[in-house]
Amino acid sequence: MQVAAGPRVYRVWKGSNIFFLQGRFIFGPDVRSLFLTIFLIVAPASVFCVLVARKLMDQFSDWGVSIMVITVAFTIYDLFLLLLTSGRDPGIVPRSAHPPEPESSEGNLELGSSQTPQLRLPRIKDVIVNGITVKVKYCDTCMLYRPPRCSHCSICNNCVERFDHHCPWVGQCIGLRNYRFFYMFVFSTTLLCIYVFAFCWVCVLKTKDVEQTSLWRAMGKTSASIASVVLIIYTFIAVWFVGGLSVFHLYLMSTNQTTYENFRYRYDRRANPYNRGVVKNFIEVFFTRIPPSKNNFRARVPREQGLQARPVSGGFMSPNMGRSMGDIEVGRKAVAWGSEEGARAGLDDIETGMSNDIMDEKDGVFGAASPDLARVLPPEGLEARAPVHSRRSSWGRRSGNWEMSPEVLALAAGVAESHRIGTSGSGAEAGNR
């Protein structure tokens with residue numbers, strides 16, 4: 001079988017993510033909100049630099065320039081952390097191409113309509129983490145058992161390791177590989193708000209002293225004072241959001257929890273298997289090596305040319321899957337049995353298989369079967385002559401293993417016998433000549 005280079009992974013990605021620069025950056029489907037976040041950071045910082053910081057540079061000639069430099073550097077650093085948080089793989093678990101093999105047990109064994117054993121995968125499995133039993137769930141979308149602390153994001157449509165939450169402000173899931181940068185971004189934004197808030201008050205108070213007026217009048221005396229008042233109000237409101245978020249995640253890190261776990265499991269009522277102590281918890285977040293991504297979005301997807309049969313034994317079912325339509329894979333097109341097209345495809349496969357398996361005593365190898373099946377099986381009788389024993393498939397998996405009804409086998413035997421008689425008659429006629 002030949003394998004040709006197919007499209008890159010990011011072009012056929014099944015999640016809801018958006019990629020930039022040919023798969024080098026991965027964002028969530030709500031990446032547009034990222035531009036709003038950038039505006040809410042850059043706009044007030046620009047106003048502060050243009051109006052307030054310049055005024056302070058004139059009033060503090062010795063060190064006033066450092067106010068401008070620190071503001072610009074802090075803003076660039078904050079935007080860099082925002083990009084690291086939003087534009088990288090948060091810890092997406094690659095989807096499985098096929099469901100896991102079910103474990104044989106009497107508790108999850110079922111019989112299909114054709115008495116084929118159907119193994120139902122358990123919905124939940126128990127794993128041991130630091131001596132404590134943790135339940136892991138099966139993901140029907142990704143066709144795998146999620147690792148501990150992993151959850152499926154309904155917005156990005158991916159399973160994410162150490163899933164914390166999906167942040168609409170950065171347009172990305174927060175997980176194992178970007179949680180560190182997320183907290184650093186939130187905390188640096190808090191510090192930037194406090195910094196701007198403090199020096200805006202310095203500007204207002206300095207204007208009050210220079211103008212020899214009251215504080216209230218000094219607020220509207222100059223353009224720098226007016227801009228300072230607006231930024232004081234803005235940063236005061238903003239710091240309650242980013243500051244509160246910083247404190248909340250500081251608590252989560254000290255107890256080694258995620259936002260998802262905190263709201264769902266309530267570890268204050270039960271033992272937390274991941275808590276290793278405050279110091280080790282902070283070391284785990286900030287000083288451990290970030291694992292590499294499990295996805296190579298720029299890799300090529302191999303494109304198969306030709307057919308390769310893959311026998312599958314037995315059947316198995318999703319824990320959430322009910323009855324589904326039995327199907328087989330004929331070439332690259334899944335053909336549903338029970339239709340005229342499916343019956344024709346099935347008879348063609350029977351005819352081809354018999355041409356390879358049945359041996360003629362006189363000629364050696366049995367030749368190709370008669371291509372004119374219409375003489376043996378009229379089109380209007382296809383559905384009546386080939387009833388289907390349906391079997392349930394798993395998660396839309398195409399199974400190459402199928403069963404033939406006794407009527408189809410009898411029909412195939414008739415085709416073979418008629419071909420054998422025709423071949424023997426042709427040989428006898430040739431001998432008479």
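**A nonpolar pocket, a helical core and some buried loop residues**

The lining of the second largest pocket comprises 19 nonpolar residues, 5 polar residues and no charged residue. The model in which this pocket is found is a predicted one. The space within the pocket amounts to about 630 Å³. Its lining consists of 24 residues, and those nearest the pocket centre are Trp169, Thr189, Ala238, Phe241 and Val242. Four elements contribute at least two lining residues each, namely helix 1 (32-59), strand 11 (165-167), helix 3 (179-211) and helix 5 (223-254). Of these, helix 5 provides the largest share of the lining, with 8 residues.

It helps to place this pocket in the setting of the whole chain. The protein chain contains 10 helices and 18 strands. Of its 433 residues, 41% are buried. When contacts between residues at least 6 apart in sequence are considered, 66% of them join residues at least 24 apart.

The helices that line the pocket appear again in the nonpolar interior. In soluble globular proteins, nonpolar side chains tend to be buried together. Here the largest nonpolar core has 40 residues, and the members that touch the most others are Phe48, Val52, Leu56, Ile67, Phe185, Val196 and Cys200. Helix 1, helix 2 (64-86), helix 3 and helix 5 each supply at least two residues of this core. Helix 3 gives the largest share, 14 residues. Phe185 is a good residue to look at in more detail. Beyond its neighbours within four places in sequence, Phe185 makes contact with Thr37, Ile41, Asp78, Leu81, Leu82, Thr85 and Val170.

Leu34 offers another view of this region. Leu34 is part of helix 1, and with a relative accessibility of 8% this residue counts as buried. Not counting residues up to four places away in sequence, Leu34 touches Phe27, Leu82, Ser86, Trp169 and Val170. Leu82 and Val170 are thus shared with the contacts of Phe185, and Trp169 is one of the residues nearest the centre of the second largest pocket. Leu34 and Leu83 are 49 residues apart along the chain, and 9.2 Å separates their C-alpha atoms.

Buried residues are also found in loops. Tyr10 sits in the loop between strand 1 (2-8) and strand 2 (18-20). Because its relative accessibility is 14%, under the 20% limit, Tyr10 counts as buried. Leaving out residues up to four places away in sequence, Tyr10 touches Phe19, Gln22, Gly23 and Phe297. Tyr10 and Arg24 lie 14 residues apart in sequence, with a C-alpha to C-alpha distance of 9.3 Å.

What is the relative accessible area of Arg149? The value for Arg149 is 13%, so this arginine is buried. Arg149 belongs to the loop between strand 8 (144-145) and strand 9 (151-153). Its contacts, with neighbours within four places in sequence set aside, are Val160, Glu161, Arg162, Phe163, Asn256, Gln257, Thr258, Glu261, Tyr274 and Glu284.

One of these partners, Asn256, has a notable backbone. Most residues other than glycine have a negative phi. Asn256, however, has a positive phi near 55 degrees. Asn256 lies in the loop between helix 5 and helix 6 (259-264), and at 2% relative accessibility this asparagine is buried. A second asparagine, Asn157, also has a positive phi, of about 60 degrees. Asn157 is located in the loop between strand 9 and strand 10 (158-160). Are the two asparagines buried or partly exposed? Asn157 is partly exposed, with a relative accessible area of 23%, whereas Asn256 is buried.

Finally, the cysteines can be considered. How many disulfides does the structure hold? The count is 0. Cys139, accordingly, is in no disulfide, and its nearest cysteine sulfur, belonging to Cys159, is 3.6 Å away. Because a disulfide requires sulfur atoms within 2.5 Å, this pair does not qualify. Cys139 is buried, at 2% relative accessible area. Cys49 also counts as buried, with a relative accessibility of 14%.

Notes:
Residues are numbered from 1 along each chain as its sequence is written. This is a predicted model: local features need pLDDT of at least 70, side-chain atom pairs count only at pLDDT 80 or more; totals for chains, interfaces and linings use all residues. Side-chain values use heavy atoms; hydrogens and water are left out. On a 1 Å grid over the protein atoms alone, a cavity is a set of points where a 1.4 Å probe fits but cannot get out, and a pocket is an open set with protein on both sides within 12 Å along at least five of seven lines; lining residues have an atom within 4 Å of a point. Grid points are joined across faces, edges and corners, and a volume is the space filled by probe spheres set on the points. Ala, Val, Leu, Ile, Met, Phe, Trp, Tyr, Cys and Pro count as nonpolar, Asp, Glu, Lys and Arg as charged, and the others, Gly among them, as polar. Buried means under 20% relative accessible area, exposed over 50%, partly exposed in between (1.4 Å probe, protein chains only). A nonpolar core is a set of buried Ala, Val, Leu, Ile, Met, Phe, Trp, Tyr and Cys residues joined through side-chain atoms within 4.5 Å. Contact means heavy atoms within 4.5 Å.
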